[in-house]
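Good morning, and thank you for coming. I would ask you to keep the sequence and the model in view while I speak.

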Amino acid sequence: MLGVTTSESISDLLDRLSKIVPDYPQPGISFKDLTPVFADPVGLRRMVDELIAPFEGQFDIVAGLEARGFVLAAAAAYASGKGMLTIRKAGKLPREVYRDEYTLEYGTSCLEVHKDEIAPGTRVLILDDVLATGGTVGSSVRLIEKTGAVVAGVGVVLELDGLNGRGKLEGHTVHSLQVVHS
């Protein structure tokens with residue numbers, strides 16, 4: 001264990017435990033790798049607790065986006081005594097799905113969720129590691145709404161400012177643990 005203290009702010013914890021990887025995934029990008037935070041037991045607990053605290057009593061299930069969002073959602077579901085819903089890339093789910101296609105910088109992608117996974121009216125907390133342009137998280141919001149469920153809120157560890165991701169989630173509560181200036 002790396003000696004995380006409870007008096008340390010979540011932003012300081014993320015800065016201390018994360019690793020910055022220059023020129024990843026492409027030259028000129030500095031990638032903030034959260035996997036060391038996931039590996040630290042106290043860091044993981046603090047991160048998850050801080051993500052779900054603003055939504056306490058407001059959600060029935062936690063949805064995680066493939067792939068790092070799965071880690072956060074599973075831990076949050078366990079910590080809150082709720083279930084977990086997986087939002088997957090196209091073609092990964094075996095039963096009938098709702099799908100939502102969204103635009104990327106160079107093309108499109110698609111996310112899916114099982115049609116029979118949650119009942120209409122279920123309050124869903126969506127978790128992911130990063131909010132950048134809002135494409136992936138926005139797609140997840142639309143998927144949840146297609147099921148008839150209600151988006152209780154969106155929690156992310158890192159929010160990249162200047163990319164207007166939050167703007168694509170208008171009308172929804174978004175809680176980010178740290179804003180990263182790009």
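**A sheet and the helices around it**

Let me begin with one helix and the strands beneath it: α3 lies across β7, β8 and β9, and runs at about 130° to β9. I should say at once that the model is predicted.

Those strands belong to an open sheet. In what order do the seven strands of this sheet lie? The order is β5-β6-β4-β3-β7-β8-β9, and the pairing is mixed. At the edges we find β5 and β9, each of which pairs on one side only. On average, neighbouring strands are turned by 20° against each other, if direction is ignored. Helix α1 also packs on the sheet, where α1 touches β8 and β9; the direction of α1 makes about 50° with that of β9.

For those new to the subject, strands of a sheet pair through backbone hydrogen bonds, either parallel or antiparallel. Both kinds occur here. The strands β7 and β8 run parallel and are joined by eight bridges; within this pair, L125 has G153 in β8 as its bridge partner. By contrast, β5 and β6 run antiparallel, again with eight bridges. D100 is partnered by L111 of β6, and a hairpin of two residues connects β5 to β6. Strand β6 also pairs with β4, in the antiparallel sense and over two bridges. There, R88 has E112 of β6 as its bridge partner.

I turn now to the interior. Which residues of the largest nonpolar core touch the most other members? This core has 24 residues, and the ones in question are L14, M47, L72, L127 and V157. At least two residues of this core come from each of α1, α2, α3, α4, β7 and β8. A separate core contains 22 residues, including I87, I118, V151 and V156.

L127 deserves a closer look. Setting aside neighbours within four places in sequence, L127 is in contact with a list of residues that includes L51, I52, V62, L65, L72, A76 and G155.

I52 appears again when we consider A79, a residue of helix α4, which covers residues 68–80. Not counting residues up to four places away in sequence, A79 touches V48 and I52. V48 and A79 are 31 residues apart along the chain, yet their C-alpha atoms are separated by 8.1 Å. Is A79 buried, partly exposed or exposed? A79 counts as partly exposed, because its relative accessibility is 39%.

The next helix is α5, formed by residues 135–146. From first C-alpha to last, its 12 residues reach 16 Å, close to the 16 Å expected at 1.5 Å a residue. Several residues of α5 are buried, among them G135, V137, V141, L143 and I144. Against what do the buried residues of α5 pack? They pack against β3, β4, β5, β6, β7 and β8. After α5 comes G148, whose phi is positive, near 90°.

Finally, a word on annotation. An unreviewed UniProt entry places the feature "domain: Phosphoribosyltransferase" at residues 45–162. In the model, that span is 28% helix and 41% strand, and its end C-alpha atoms lie 29 Å apart.

Conventions. Residues numbered from 1 in each chain as written. Predicted model: local features only at pLDDT ≥ 70, side-chain atom pairs only at ≥ 80, totals over all residues. Heavy atoms only, no water. Helix = DSSP H or I, 4+ residues; strand = E, 2+ residues; numbered from the N terminus. Buried < 20%, exposed > 50% of the residue type's maximum accessible area, 1.4 Å probe, protein only. Contact = heavy atoms within 4.5 Å. Core = buried A, V, L, I, M, F, W, Y, C linked by side-chain atoms within 4.5 Å. UniProt positions renumbered as here; feature names shortened; annotations may be inferred. Expected span 1.5 Å × (residues − 1). Pairing = 2+ DSSP bridges. Axes fitted to C-alpha atoms, helices over the stretch in contact; angles between N-to-C directions.
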